[in-house]
Structures are given as C-alpha cells and as structure tokens.
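Here are my notes for you, as promised. Have the 3D view open while you read, and follow the points in order.

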Amino acid sequence: LASAKARRRDMQRRQAERFDRWGHLWAFRVRGLLRERVESERALLLRRIRELEAQLEEAQEDVRYLQTPMLSAGVTDSPPEESDSEGEPDAAERPWWRRTLG
C-alpha cells in the first residue's frame, strides 16, 4: 500500500515537472490551433464572397444584355406594325421579348 502511494506521488511529481517544462508550449499550441482555424475559416469565407461576387456580376451582365435592344437579331424597340385587325395582337402572337417584358 505504501509503495502504491509512493508510485502515485512519483507519477504526479513527474507529470507536474513535465507540465512545468512543456505546459507553456502546449498553451501556445492551443492558441496556434485556434489561430489556424480562424485563418482557414476566413479563407473559406473570402472564397465564398468571391464566388458570390462573380455570380452577381454574371447576373448584372444578364440584366444589361436583356435591357439593351437586340439590334443584331433584328429586334427593335419600335411598336409592332399596325395589323389589319383592330387592337393588340394576342399574347401568343407577340414576340417573346414583348411577352416577357410587358
């Protein structure tokens, strides 16, 4: 029984010595791990921001494309020519850009 207590005290003393010797380094390591995690999260978030900005730019280009007259395709902003029948043509007869844009 006495030898078990002595071994336990000896083990606790060695652990305390190890902590005294290396404990501050482990504390720095924990701080280092935390810093690494924060930096990696930051890198991921910055990458996501760049992806979203690229998507936004693409959507803005689409909007600009749809807002400009499509002259190269023969599409103009001028109203449709008068037809023989009175009134506005049916929605199915109107060109797609007039159906979607009003």
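1. Start with the greasy side of things. Trp-22, Leu-25, Trp-26 and Phe-28 together make a nonpolar surface patch of about 480 Å². Before you read too much into the picture, keep in mind that this is a predicted model.

2. Now pick out one member of that patch, Trp-26. Where does Trp-26 lie? You'll find Trp-26 in helix α1, which covers residues 2-67. Is Trp-26 buried or exposed? Its relative accessible area is 60%, and the cut-off for exposed is over 50%, so Trp-26 counts as exposed.

3. Trp-22, another name from the patch, deserves a second look. Helix α1 has a kink of about 55 degrees, and that kink is centred on Trp-22. Try turning the model until you can see the bend at Trp-22.

4. Next, a quick check on the length of α1. With 66 residues and 1.5 Å a residue, α1 should span 98 Å. The C-alpha atoms at its two ends are 91 Å apart, which agrees with that expectation.

5. Zooming out, how many helices and strands does the protein chain have? The count is 2 helices and 0 strands. Of the 102 residues in the chain, 5% are buried. The chain exposes about 9900 Å², and carbon and sulfur atoms supply 55% of that area.

6. On to the charged side chains. Side chains of opposite charge can pair when their charged atoms come close. How many salt bridges does the structure hold? There are 5, and I'll walk you through some of them.

7. Take Arg-14 and Asp-10. Their side chains meet in a salt bridge, at 3.5 Å from N to O. Both residues sit in helix α1, 4 residues apart, and that is about one turn of the helix. Arg-14 has a relative accessible area of 38%, making it partly exposed. Asp-10 is partly exposed too, at 29%.

8. Arg-13 and Glu-17 are worth finding as well. They form a salt bridge whose closest N and O atoms are 2.9 Å apart. Again you're in helix α1, with the two partners 4 residues apart, about one turn of the helix. Arg-13 comes out as partly exposed at 43% relative accessibility, and Glu-17 is partly exposed at 44%.

9. Further along the numbering, Glu-51 and Arg-48 also pair up. Their side chains meet in a salt bridge with an N to O distance of 3.3 Å. Both belong to helix α1 and are 3 residues apart, about one turn of the helix. Relative accessible area is 38% for Glu-51, so it counts as partly exposed. Arg-48, at 40%, is partly exposed as well.

10. One last thing to trace on screen. Which residues do shared salt-bridge partners join into one network? They are Asp-10, Arg-13, Arg-14 and Glu-17, linked by salt bridges that share partners. Go back to points 7 and 8 with that in mind, and try following the network from one side chain to the next.

Methods: Residues numbered from 1 in each chain as written. Predicted model: local features only at pLDDT ≥ 70, side-chain atom pairs only at ≥ 80, totals over all residues. Heavy atoms only, no water. Buried < 20%, exposed > 50% of the residue type's maximum accessible area, 1.4 Å probe, protein only. Areas by Shrake-Rupley, 256 points an atom, 1.4 Å probe, with all protein chains shown as cover. Patch = residues over 30% accessible without salt bridge, like charges linked within 9 Å, V, L, I, M, F, W, Y side chains within 5 Å. Salt bridge = Lys/Arg side-chain N within 4 Å of Asp/Glu carboxyl O. Expected span 1.5 Å × (residues − 1). Bend = angle between axes of the 7 residues up to and from the residue.
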